[in-house]
Amino acid sequence: MPPLTQPNSADLDLVTMLRALGDPVRMELVRLMAVCGEISCSPEHLVVPRSTLSNHWRTLREAGLTVTRVDGKARYMTLRRADIDERFPGVLDAVLGSLS
């Protein structure tokens with residue numbers, strides 16, 4: 001399996017990240033990771049087709065918001081909070097705070 005592509009910390013782009021967060025499903029995935037830490041590729045309470053969910057995960061990863069750990073056939077995602085906070089201090093807190 002080829003490695004999954006994601007930008008380096010220095011290459012994170014705010015516009016790309018905010019565009020990725022412009023979808024309610026992706027916002028929910030980011031919220032879940034912020035609360036729970038690492039989550040599986042198919043969160044139980046989300047009723048989204050698997051192919052659509054895969055596209056959402058790819059968009060988040062390619063925007064630099066997540067890192068993916070592969071374990072056999074399973075994939076686990078984690079929010080790149082430290083990288084995002086270092087590059088854009090306070091942005092992630094502001095985005096997540098808007099969900100309250």
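In this predicted model, strands β2 and β3 run antiparallel and are joined by 6 bridges. Across this pairing, T66 stands opposite L79 in β3. The two strands form a hairpin, with 2 residues between them. G72 lies in the turn and has a positive phi of about 65°.

The hairpin belongs to an open sheet of 3 strands. The strand order is β1-β3-β2, and the pairing is antiparallel. Strands β1 and β2 are the edge strands, each pairing on one side only. Strands of a sheet pair through backbone hydrogen bonds, either parallel or antiparallel. Between β1 and β3, 2 bridges make the antiparallel link. Here I39 stands opposite M77 in β3.

Helix α3 covers residues 50-62. Its length can be checked against its residue count. The helix has 13 residues, and at 1.5 Å a residue these should span 18 Å. The expected span is 1.5 Å times one less than the number of residues. The end C-alpha atoms of α3 are 18 Å apart, so the model agrees with the expected value. After α3 comes G64, whose phi is positive, near 90°.

The buried residues of α3 are L53, H56, W57, T59, L60 and R61. An α-helix has 3.6 residues a turn, so residues three or four places apart point the same way. Several elements cover the buried residues of α3. Helices α1 (14-20) and α2 (24-36) are among them. The cover also includes the strands β1 (39-40), β2 (66-71) and β3 (74-79).

The largest pocket holds about 210 Å³ of space. Its lining consists of L4, C41, S42, R50, L53, S54, W57, R58, R61, T68, R75 and M77. The elements that give two or more residues to this lining are α3 and β3. Helix α3 gives the most, with 6 residues. By class, the lining has 5 nonpolar, 3 polar and 4 charged residues.

Some residues appear in more than one part of this description. L53, W57 and R61 are buried residues of α3, and these residues also line the largest pocket. M77 faces I39 across the pairing of β1 with β3, and M77 is likewise part of the pocket lining.

Definitions and conventions
Residues are numbered from 1 along each chain as its sequence is written. This is a predicted model: local features need pLDDT of at least 70, side-chain atom pairs count only at pLDDT 80 or more; totals for chains, interfaces and linings use all residues. Side-chain values use heavy atoms; hydrogens and water are left out. Helices (H or I, at least four residues) and strands (E, at least two) are DSSP runs, numbered from the N terminus. Buried means under 20% relative accessible area, exposed over 50%, partly exposed in between (1.4 Å probe, protein chains only). Contact means heavy atoms within 4.5 Å. Two strands pair if DSSP finds at least two bridges between them. On a 1 Å grid over the protein atoms alone, a cavity is a set of points where a 1.4 Å probe fits but cannot get out, and a pocket is an open set with protein on both sides within 12 Å along at least five of seven lines; lining residues have an atom within 4 Å of a point. Grid points are joined across faces, edges and corners, and a volume is the space filled by probe spheres set on the points. Ala, Val, Leu, Ile, Met, Phe, Trp, Tyr, Cys and Pro count as nonpolar, Asp, Glu, Lys and Arg as charged, and the others, Gly among them, as polar.
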